[in-house]
Amino acid sequence: MAITTDEIVWGETYDISVSAQDTGGNPITLDNTWSAACRITEDHIGGDIVLNPTMTIAAGVATTTIDTGNAEFCYGTYYYDIRLTDADGHDYWTSPVRLILANRNSPNT
């Protein structure tokens, strides 16, 4: 399972979105029969859970936005993955993403 890396500055908002496809690469439309859950951990995959943001499914895509300026975040490395669950209760996991929150640069005064 390959890990994708994203980097933003700590304090910025970060948009997460995921769509689904079958094993043949054909799109699967996410609708109200599906659910999506995101888990953000710190330091490593399976680390301490920092946040489980609520995900919304609309127009075939599961999305959420996090504000990395909130108290639960600091500069550093986080990981997240998303679990999609179909109407029959089968779970499908995305590949994990490494999210690096770079320290803010402040001007010298």
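**A tour from Leu84 to the cavity**

Select Leu84 to begin: leaving aside residues up to four places away in sequence, Leu84 touches Val18, Ala20, Leu30, Trp34, Ser35, Ala36, Ala62, His90, Asp91 and Tyr92. Bear in mind throughout the tour that this is a predicted model.

Next, keep Leu84 displayed and add Tyr14, Phe73, Tyr80 and Ile82, since these five residues are the ones that touch the most other members of the largest nonpolar core, a set of 23 residues. To see which strands feed this core, colour β2 (13–18), β5, β8 (61–67), β9 and β11 (97–102), each of which supplies at least two of its residues. Among the contributors, β9 provides the largest share of the core, namely four residues.

From the core, move on to the empty space inside the model. Rolling a probe the size of a water molecule over the atoms shows where such space is left. The structure holds one cavity of 30 Å³ or more, and the volume of the largest cavity is about 50 Å³.

To frame this cavity in the viewer, select its lining, which is made up of Arg39, Thr41, Ile45, Gly46, Tyr79, Tyr80, Asp81 and Pro96. Colouring the lining by class gives four nonpolar, two polar and two charged residues.

Finally, which strands each supply at least two residues of this lining? Highlight β5 (35–42) and β9 (76–85), which both do so, with β9 giving the most, three residues. Tyr80 is a useful residue on which to end, as it belongs to the cavity lining and is also one of the core residues that touch the most other members.

Notes
Residues are numbered from 1 along each chain as its sequence is written. This is a predicted model: local features need pLDDT of at least 70, side-chain atom pairs count only at pLDDT 80 or more; totals for chains, interfaces and linings use all residues. Side-chain values use heavy atoms; hydrogens and water are left out. On a 1 Å grid over the protein atoms alone, a cavity is a set of points where a 1.4 Å probe fits but cannot get out, and a pocket is an open set with protein on both sides within 12 Å along at least five of seven lines; lining residues have an atom within 4 Å of a point. Grid points are joined across faces, edges and corners, and a volume is the space filled by probe spheres set on the points. Ala, Val, Leu, Ile, Met, Phe, Trp, Tyr, Cys and Pro count as nonpolar, Asp, Glu, Lys and Arg as charged, and the others, Gly among them, as polar. A nonpolar core is a set of buried Ala, Val, Leu, Ile, Met, Phe, Trp, Tyr and Cys residues joined through side-chain atoms within 4.5 Å. Buried means under 20% relative accessible area, exposed over 50%, partly exposed in between (1.4 Å probe, protein chains only). Contact means heavy atoms within 4.5 Å.
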